[in-house]
Amino acid sequence: MTEIHDAWMENLAWPEVARRIEDGATILVPIGAAAKEHGPHLPLKTDYLLACDLCNRVATQIPVLIAPVVCFGYYPAFRHYPGSQHLSSDSFQALLHEIIGGLIGQGAQRLAVVNTGVSTEAPLRIVVREIYEETGVRVHSADIRTLGRKAEAGLSQKLGGHGDEAETSMILRIAPALVHMDRAVEDYGNALKAKQTVFYQPTVFSSDPDSGADFSATGVRGDPSQATAEKGEAILSAMAEELVAGLQALFAQDG
């Protein structure tokens, strides 16, 4: 997806940003790790690429102003993999609070977060609720885990979760030169044997076969070997469509 140059705040001079905010621009705040392991076949900046692509897709359909990607976050499951970067929950919440709070302080009223992480969901919820209580501005958020589900019905893997068929397919569509399909192998760890209950179970990724639900030999959970760019386009298109529909529903009453 080609960058929509004038949609990105970082490409503009401050008077143009000021005018857009004054005119009531809908501002997207993307969250996407610039350095987080995604197996031996995907780049560390996988989430960053996804965040950029989704926001660009939205910008082709409706007018938005896109804030710089929040590329550091709360990623405890991957902190031990070389190159992966991780903030504590408190640090991540403080970062989000200052970024979003700063935009509100500059006059922004229509804000939506596009979150490409999973462990980032809980701290993000806390921040947007606190900001609402403090400022009265309702910051909306969408999580990648809940987007594009219908398109994922076309996947072949038994289950997914990280660096899997879905993520690999999307990066094959966005940045194929960064994908090493010769290294993409099936790795479900112990997930296929996991007991299904109503309880949330915190997990990390560990190369130790005796680590129970944490085990992953490659840092993957799923089967990236089944990925194709065509599947990636279907998922990305579905996600963008849902984001656009959501933004239109939220802000239609504002004109």
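**Nonpolar cores.** I began with the largest nonpolar core of this predicted model, which holds 37 residues, and I noted that Leu-28, Val-58 and Ile-66 touch the most other members. I then looked up where this core draws its residues from, and found that helix 2 (46–59), strand 3 (110–115), helix 5 and helix 6 each supply at least two, with helix 2 giving the most, 8 residues.

I followed Val-58 further and, setting aside its neighbours within four places in sequence, listed its contacts as Leu-28, Val-64, Ala-240, Leu-243, Val-244 and Leu-247. Apart from this core I found another one of 30 residues, including Ile-21, Ala-25, Leu-96 and Val-128.

**Largest pocket.** I turned next to the largest pocket, for which I have a volume of about 1,600 Å³. Its lining comprises 47 residues, and those closest to the centre are Val-118, Arg-145, Gly-160, Gly-161 and Thr-203. I noted that helix 4 (121–135) and helix 5 (165–174) each supply at least two residues of this lining, and that by class the lining has 23 nonpolar, 14 polar and 10 charged residues.

**Second largest pocket.** For the second largest pocket I recorded a volume of about 320 Å³ and a lining of 19 residues, with Ala-25, Thr-26, Ile-62, Pro-63 and Val-64 nearest its centre. The largest share of that lining, 3 residues, comes from helix 6 (residues 229–251), and I divided the lining by class into 11 nonpolar, 4 polar and 4 charged residues.

I also marked two residues that recur in these entries: Ala-25, which belongs to the core of 30 residues and lies among those nearest the centre of the second largest pocket, and Val-64, which is in contact with Val-58 and is likewise listed near that centre.

Technical notes:
Residues are numbered from 1 along each chain as its sequence is written. This is a predicted model: local features need pLDDT of at least 70, side-chain atom pairs count only at pLDDT 80 or more; totals for chains, interfaces and linings use all residues. Side-chain values use heavy atoms; hydrogens and water are left out. On a 1 Å grid over the protein atoms alone, a cavity is a set of points where a 1.4 Å probe fits but cannot get out, and a pocket is an open set with protein on both sides within 12 Å along at least five of seven lines; lining residues have an atom within 4 Å of a point. Grid points are joined across faces, edges and corners, and a volume is the space filled by probe spheres set on the points. Helices (H or I, at least four residues) and strands (E, at least two) are DSSP runs, numbered from the N terminus. Ala, Val, Leu, Ile, Met, Phe, Trp, Tyr, Cys and Pro count as nonpolar, Asp, Glu, Lys and Arg as charged, and the others, Gly among them, as polar. A nonpolar core is a set of buried Ala, Val, Leu, Ile, Met, Phe, Trp, Tyr and Cys residues joined through side-chain atoms within 4.5 Å. Buried means under 20% relative accessible area, exposed over 50%, partly exposed in between (1.4 Å probe, protein chains only). Contact means heavy atoms within 4.5 Å.
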